[in-house]
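The following note sets out points on the structure shown below. They move from the chain as a whole to individual sites.

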Amino acid sequence: EVYFKNLSKQKQKEVMEKNGNNHRLRVCVATCNRADYSKLAPIMFGIKAEPQFFELDVVVLGSHLIDDYGNTYRMIEQDDFDIHTRLHTIVRGEDEAAMVESVGLALVKLPDVLNRLKPDIMIVHGDRFDALALATSAALMNIRILHIEGGEVSGTIDDSIRHAITKLAHYHVCCTRSAEQHLIAMCEDHDRILLAGCPSYDKLLSAKNKDYMSIIRMWLGEDVKTRDYIVALQHPVTTDIKHSIKMFELTLDALISFNKRTLVLFPNVDAGDKEMVRVMRKKGIEHHPNFRAVKHVPFDQFIQLVAHAGCMIGNSSCGVREVGAFGTPVINLGTRQTGRETGENVLHVRDADTQDKILHALQLQFGKQYPCSKIYGDGNAVPRILKFLKSIDLKEPLQKKFCFPPVKDNISQDIDHILETQSALAVDLGGTNLRVAIVSMKGEIVKKYTQLNPKTYEDRLELILKMCVEAASEAVNVNCRILGVGISTGGRVNPREGIVLHSTKLIQEWSSVDLRTPISDALHLPVWVDNDGNCAALAERKFGHGKGVENFVTLITGTGIGGGIVHQHELIHGSSFCAAELGHIVVSLDGPECLCGSQGCIEAYASGIALQREAKKLHDDDLLLVEGMAVKKEEIVSAAHLIQAAKLGNTKAESILRTAGTALGLGVVNILHTVNPSLVILSGVLANHYVNAVKDVISQQALSSVKNVDVVVSNLADPALLGAASLVLDYTTRRIY
């Protein structure tokens with residue numbers, strides 16, 4: 001405290017010098033109802049007592065000006081405060097809409113008042129909807145705001161309103177250490193937070209020794225003794241009005257059964273308040289000999305009433321805050337004050353759903369005396385607040401700053417990060433394997449899953465869905481945002497509808513298959529489907545040698561032979577989606593039979609299946625193996641054995657590979673003469689074995705105008721997956737200017 005006083009004096013001296021010694025801080029205090037005036041009045045008295053530092057303007061609005069709530073503005077006048085402005089802002093009604101309309105009406109009327117007053121700072125209290133209108137108006141009109149009782153936690157809509165005002169306010173006066181920590185956690189500037197305690201406690205802690213019996217008799221009757229009556233104060237819960245009305249009925253029934261003199265105060269102006277008043281009148285509370293129903297009790301007298309009561313019951317914040325200063329037993333009903341810090345004098349009845357439960361709580365609490373609690377203050381709040389006000393430097397920037405906790409550098413808006421995290425699910429349906437991968441915008445395969453391709457349609461589709469769901473879940477863990485699903489599959493595909501029209505013999509039960517609908521429905525993502533050859537061309541266009549090339553052709557040399565044609569930067573599909581079936585270009589009229597049913601196709605000569613067929617023939621004739629080679633008994637002879645034999649000098653194997661390379665080269669020459677690309681890209685596991693043969697055939701057989709075409713081997717490891725991904729990435733990230 002000594003340190004604070006010395007620091008405060010020094011800061012006040014500096015501020016006075018900055019602001020000018022003759023400048024008085026013009027403070028506007030706006031009060032909306034009897035409850036907030038009880039907290040603001042001590043501050044107002046303190047400000048009024050130091051005219052050399054402050055100039056006070058009082059604005060009155062809200063329920064203060066309503067007869068049904070006691071015209072409580074009169075107590076402000078009785079306290080000898082000049083009311084500068086009275087604003088009628090309450091729209092009468094019984095639902096949530098009336099509260100909203102009241103806020104709107106206040107927002108319409110306040111700007112004119114604030115323009116006339118031009119305060120340096122406005123003091124706003126608490127969490128009522130009227131206070132939200134005050135804070136909003138002041139913030140938008142560049143008036144500094146001091147918020148009283150921010151950082152606290154309770155129930156209903158009040159929490160949201162209180163925290164919203166906190167975000168608008170420039171300075172904060174809180175009542176408890178926990179509230180201070182909440183404000184800091186909400187990123188408010190610690191230097192602008194004052195832990196002062198509740199201003200009402202400055203009155204409470206000096207009030208109990210005053211004459212109280214006359215006050216008790218005035219409000220409850222001549223025959224009432226101390227600790228032998230109840231004070232009831234219950235408000236509607238705006239987020240559950242029907243339940244709060246029912247709870248009020250049960251409370252009144254329990255109080256009637258308990259048969260003790262009871263002072264019942266009318267509820268706040270909130271949605272549902274009129275219904276609560278009707279419940280009181282329906283039960284005859286205003287005429288019941290044990291009850292006194294009142295609209296308002298002056299705060300000084302209310303203090304004496306709760307200080308000497310046998311119990312207080314309801315859901316008012318007064319019960320869990322101020323009453324603790326006297327150790328009076330409190331029964332807190334429902335959820336309206338959930339989260340408030342309370343002393344041991346408070347008994348919570350969270351689910352007050354039966355009369356018996358409330359009656360039992362009354363029997364437990366009535367007449368007890370608890371230790372006094374100082375959770376909310378020590379009686380010295382006002383001096384601290386006045387010092388805090390004097391320390392405000394009006395020359396500091398008005399724009400408030402938030403003190404966010406240290407976090408990892410946020411790179412989400414960095415273009416490289418965006419490119420990395422925007423990703424696609426790529427699916428490759430091959431003759432042997434089914435693969436699914438998460439592929440980033442840069443072509444990085446972040447995660448890959450491989451399974452054997454099932455033989456039946458049902459099993460295959462089920463496995464695709466399972467693998468895609470697993471990959472989509474994993475994408476979250478690796479910080480990838482999936483934009484869609486791209487599928488590469490063998491066969492003829494209608495990419496517009498996402499349907500496999502018919503497939504090669506390598507993939508069974510794969511004709512007239514709608515892939516887009518079931519996968520899109522399961523993953524809630526867009527789905528694109530295309531032929532594996534076309535996907536390889538797209539992969540080259542986005543990630544490989546075809547990037548930036550206007551016209552090129554990609555040839556896949558694998559189990560089969562496929563490809564794709566890019567003309568003027570666009571993929572060619574053809575009128576019936578049969579373009580670029582490059583493996584079925586016929587290079588010999590009497591060549592070997594192809595799986596398509598024709599003879600002499602490139603695929604019948606140069607595909608992996610064709611080479612395996614020739615390798616088996618040599619092996620069956622004992623013409624395959626040469627020195628340095630061995631094939632195990634259970635091992636299946638493959639194209640790899642043929643290539644190995646050729647490398648080891650097997651002339652038969654060399655001849656077969658030469659013929660295959662020539663067939664592929666002739667096919668490429670036909671392509672050159674048809675679409676005249678500037679680049680030919682050989683892709684797949686056999687590309688390196690064919691590239692020189694293809695170049696030789698072009699130099700011997702092609703027209704001179706196309707002989708200078710570039711023939712290269714793809715440097716992409718997974719063209720099918722990358723192509724499937726590019727279906728998604730090219731479309732979803734395309735921008736039209």
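1. Secondary structure and overall extent. The chain holds 25 helices and 26 strands. Its radius of gyration is 42 Å, well over the 27 Å given by the globule rule for 737 residues, so the chain is more spread out than a compact globule. Along the principal axes, the C-alpha atoms fill a box of roughly 125 × 65 × 50 Å. The reader should bear in mind that this is a predicted model.

2. Burial, contacts and surface. Of the 737 residues, 54% count as buried. When contacts between residues at least 6 apart in sequence are considered, 67% of them join residues at least 24 apart. The accessible surface comes to about 33,000 Å², and carbon and sulfur atoms account for 51% of that area.

3. Charge. The chain carries 80 positive and 87 negative side chains. The centres of these two sets lie 6 Å apart.

4. Annotated positions. Under "binding site", the unreviewed UniProt entry lists Arg492, Thr504, Asp532, Glu581, His584 and Glu603. The unreviewed entry also gives the annotation "active site", which covers Asp532. Both annotations may be inferred rather than shown by experiment. Three of the listed residues, Arg492, Asp532 and His584, are taken up in the next points.

5. Asp532. This residue, found in both the "binding site" list and the "active site" annotation, belongs to helix H19, which spans residues 532–543. Asp532 has a relative accessible area of 28% and is therefore partly exposed, the range for that class lying between 20% and 50%. Leaving aside neighbours within four places in sequence, Asp532 is in contact with Ser488, Thr489, Gly490 and Ile556.

6. Arg492. Strand S18, covering residues 492–494, contains Arg492. Not counting residues up to four places away in sequence, Arg492 touches Ile499, Val500, Leu501 and His502, and also Ser576, Phe577 and Cys578.

7. His584 and Ala580. Both His584 and Ala580 are placed in the loop between strand S24 (570–571) and helix H20 (602–606). His584 is partly exposed, at 27% relative accessibility. Beyond its neighbours within four places in sequence, His584 is in contact with Cys594, Cys596, Cys601 and Glu603; Glu603 is itself in the "binding site" list. Ala580 is buried, because its relative accessible area of 10% is under the 20% cut-off. Although Ala580 is not a glycine, it has a positive phi of about 65 degrees.

8. Asp80. A positive phi is also assigned to Asp80, about 70 degrees, although this residue is not a glycine. Asp80 is placed in the loop between helix H3 (73–78) and strand S3 (83–87). Is Asp80 buried or exposed? With a relative accessible area of 53%, Asp80 is exposed.

9. Helix H6. This helix covers residues 158–168, and its buried residues are Asp158, Asp159, Ile161, Arg162, Ile165 and Thr166. An α-helix has 3.6 residues a turn, so residues three or four places apart point the same way. What covers the buried residues of H6? The cover includes strands S4 (121–125), S5 (144–148) and S6 (171–174), together with helices H5 (129–140) and H7 (177–185).

10. Thr450. Strand S16, residues 445–452, contains Thr450. Thr450 is partly exposed, with 43% relative accessibility. Its C-alpha atom is separated by 6.6 Å from that of Val436, a residue 14 places away along the chain. Leaving aside neighbours within four places in sequence, Thr450 is in contact with Asn433, Leu434, Arg435 and Met467.

11. Asp718. The loop between strand S26 (710–713) and helix H25 (719–732) holds Asp718. At 11% relative accessibility, Asp718 counts as buried, because the value is under 20%. Apart from neighbours within four places in sequence, Asp718 is in contact with Arg435, Ile445 and Lys448. Arg435 is thus a contact of Asp718 and also a contact of Thr450.

Conventions:
Residues are numbered from 1 along each chain as its sequence is written. Side-chain values use heavy atoms; hydrogens and water are left out. Helices (H or I, at least four residues) and strands (E, at least two) are DSSP runs, numbered from the N terminus. The radius of gyration is taken over C-alpha atoms; the globule rule is 2.2 Å times the number of residues to the power 0.38. Buried means under 20% relative accessible area, exposed over 50%, partly exposed in between (1.4 Å probe, protein chains only). Contact means heavy atoms within 4.5 Å. Accessible areas come from the Shrake-Rupley method with a 1.4 Å probe; for residues, only the protein chains shown count as cover. Lys and Arg count as positive and Asp and Glu as negative; His and the chain ends are not counted. The place of a charge is taken as NZ of Lys, CZ of Arg, CG of Asp or CD of Glu.
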